[in-house]
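Trainee: Can you walk me through this one?
Mentor: Yes, have a look at it and then ask.

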Amino acid sequence: MKRLLILSGKGGTGKTTVAASMIRLAEARACADCDVDAPNLHLVLERGSPETEDYHGLPKAHVDEARCTLCGLCEEMCRFGAISIDGHLTIDARACEGCGLCDHVCPVDAISMLPAVAGDLLLYRDPEKGVFSTAQLRMGNGTTGLLVAEVKRRMEKASRQAPLAVIDGSPGIGCPVIASISGVDMVLVVAEPSVSGISDMERILDTAEKLRAYTVVCVNKADAHPRMTERIRAYCSERDVPYVGEIPYDSEVVRAVNRGMAPVDVECPAGEAIRRVFAETMKILDRSPHAGPGMSR
Ligand code: SF4
Ligand code: SF4
C-alpha cells in the first residue's frame, strides 16, 4: 500500500475538498480523516453506518471521598485548576489533564487515575468503496498524536490489500501532524496564497523534512493572490520541492460540497485543476520508493 497524506498549515485552505477529490479520482479503497478536531471528510464520502469503538485518552483523576482528609494539598498542586474543595473535594473532569500529580502527592492515597473515554473511533466498511477510518472527539477533548496513529492503524488493518491509501491529515504543525506524517509515502501540501499561508507551508515542509517524508505542493485559490502564488512557486523551486499545480477560486466548490459532492464530481474550473494536480501527484508517487508501514523517510 502506498500512502498519500494531504496537509495544510491550518483549517480552511481547502485541504479536505482536495483530499475528497483525490479519493474519488484514485478510487482509493482505503482512506482516513485524521482531522479529528473537526472531521468533515465523511460529508462528501457517502458511507453507511460505522463500526464504533471507545477511544480512551489520558486517564482522569477520581477521588475516594471516604479516604480524603480534605488536606488541600492536591488542590494547591494542580496547575490546571481542576480540583476544588468546598466542604468536599470536587474534580472537574473537563479541566483535568491527566498529569497524575494529585495521585502522586496525596498522603492518604485517596486519588486514583482511571481510564476515560475521550471519543469514538469510527470505521466505515463498504464492499464497493472500501474502508474509511476516522474519529469523533467528545466535548472538551483535543486531538492527540496517539489518536491520529490509531485512526491510521485501524484503516491499515481493515484494508491490507488496498494499493493506495489517501489520508486527510491534521492541520497545524503539532504532535497530531507528526503522527499524520509518520509512515506515509508522500505528503501533498495544500498551500494558501497569503503571507500566513506561506509561513504555514514553510513550517510543514520543515517538519516533513525532519521526518524524511517526500513532499509536493499545490496552491488552492491561486488566483486570489497571484503574487503570493508566484512566491510559493519560486520558494518550492529554490527548495527543490515539486510544485504540482494551482487550483483557482471557484464558487462551484462550495455548492458541490453543500450537496455532499467533491469538486471533481461536477464540471467546474476547480475540479479540472484538481484533476491536473492529481495526475502530477500520482506520477511522482508512482516513482517514489515505498516507505513501508510505520516508517518515514
Ligand atoms: S491529574 Fe493533574 S490535572 Fe488532573 S486533577 Fe490531578 S493534578 Fe489536576
Ligand atoms: S491530597 Fe488527598 S487527602 Fe488531601 S485533599 Fe487531596 S485527595 Fe484529599
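**Cores, domains and ligands**

Mentor: The largest nonpolar core has 70 residues, and Val166, Ile167, Val187 and Val189 touch the most other members. Such a core is a set of buried Ala, Val, Leu, Ile, Met, Phe, Trp, Tyr and Cys residues joined through C-beta atoms within 7 Å. Buried means 20 or more other C-beta atoms within 10 Å of the residue's own, with C-beta atoms placed from the backbone.
Trainee: Which strand gives the largest share of this core?
Mentor: Strand 11, residues 186-191, with 6 residues. Strands are DSSP runs (E, at least two residues), numbered from the N terminus.
Trainee: Is there another core?
Mentor: Another core, of 11 residues, lies apart from it and includes Leu89, Cys96, Cys106 and Ala110.
Trainee: Is this a predicted model?
Mentor: This is a predicted model, where local features need pLDDT of at least 70 and side-chain atom pairs count only at pLDDT 80 or more, while totals for chains, interfaces and linings use all residues. Residues are numbered from 1 along each chain as its sequence is written, and chains are lettered from A and ligands numbered from 1 in the order in which they are written.
Trainee: What about domains?
Mentor: Domain 1 is 2-54 + 129-287 and domain 2 is 58-115, with bounds from an automatic or database domain assignment. Their C-alpha centres lie 41 Å apart.
Trainee: Which residues come nearest to ligand 1?
Mentor: Cys78, Ala82, Cys96, Cys99 and Cys102, of the 13 around it. Near means a C-beta atom, placed from the backbone, within 6 Å.
Trainee: And ligand 2?
Mentor: Of 13 residues around ligand 2, Cys68, Cys71, Cys74, Cys106 and Ala110 come nearest.

Note on methods:
Buried ≥ 20, exposed ≤ 12 C-beta atoms within 10 Å, placed from the backbone. Helix = DSSP H or I, 4+ residues; strand = E, 2+ residues; numbered from the N terminus.
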